[in-house]
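Work through the exercises below with the sequence and the 3D view open. Try each task before you read its solution.

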Amino acid sequence: MKKLINQVETVLHEQILGLVEAHPELTLHQDPVFVTRADAPVAGKVGILSGGSGHEPMHCGFIGEGMLDGACPGEIFTSPTPDQMYECGQAIDGGKGVLMIIKNYTGDVLNFETAAELLHDSGTQV
């Protein structure tokens, strides 16, 4: 199967930008990069967060009502960073805390654990 890639260095950004432009119910945040529901945070709701390697920015496609509130795509073949997950967690916390869905990839586990500690230290239930 062929892929349409303009530049390898920008493929992740272009994929996420295209997804967000096609779905106005999503918001793309920059520096650090993460995606949330446009109406986040939802007051009184536990925010649900996931993410993973940037070669699979699929997690952003699971954001929506009754699903994820935010997702953090890492760079190509790397996990998202703790600061991405921390900022995303802050952005989706509607006052009831954040539930992190973590896959069993070592980098994801380590970085999500660090982000959970940072969120906890700042007063967010995780």
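**Exercise 1: Placing Gln 7**

Gln 7 sits in the segment before helix H1 (11-22). The model is predicted: local features need pLDDT of at least 70, side-chain atom pairs count only at pLDDT 80 or more, and totals for chains, interfaces and linings use all residues. Residues are numbered from 1 along each chain as its sequence is written, and side-chain values use heavy atoms, with hydrogens and water left out.

Task: State whether Gln 7 is buried, partly exposed or exposed, and find how far Gln 7 is from Met 67.

Solution.
- Recall the classes: buried is under 20% relative accessible area, exposed is over 50%, and partly exposed is in between (1.4 Å probe, protein chains only).
- The relative accessible area of Gln 7 is 44%, so Gln 7 is partly exposed.
- Between Gln 7 and Met 67 there are 32 Å in space, C-alpha to C-alpha, and 60 residues in sequence.

**Exercise 2: The fold**

Task: Write the order of the elements from the N terminus on.

Solution.
- Use DSSP runs: helices (H or I) have at least four residues, strands (E) at least two, numbered from the N terminus.
- The protein has three helices and five strands.
- Their order is α-β-β-β-β-α-β-α.

**Exercise 3: Burial and charge**

Task: Give the buried share of the protein and the count of positive and negative side chains.

Solution.
- Of the 126 residues, 39% are buried.
- Count Lys and Arg as positive, Asp and Glu as negative; leave out His and the chain ends.
- The protein has 6 positive and 17 negative side chains.
- Place each charge at NZ of Lys, CZ of Arg, CG of Asp or CD of Glu.
- The centres of the two sets are 9 Å apart.
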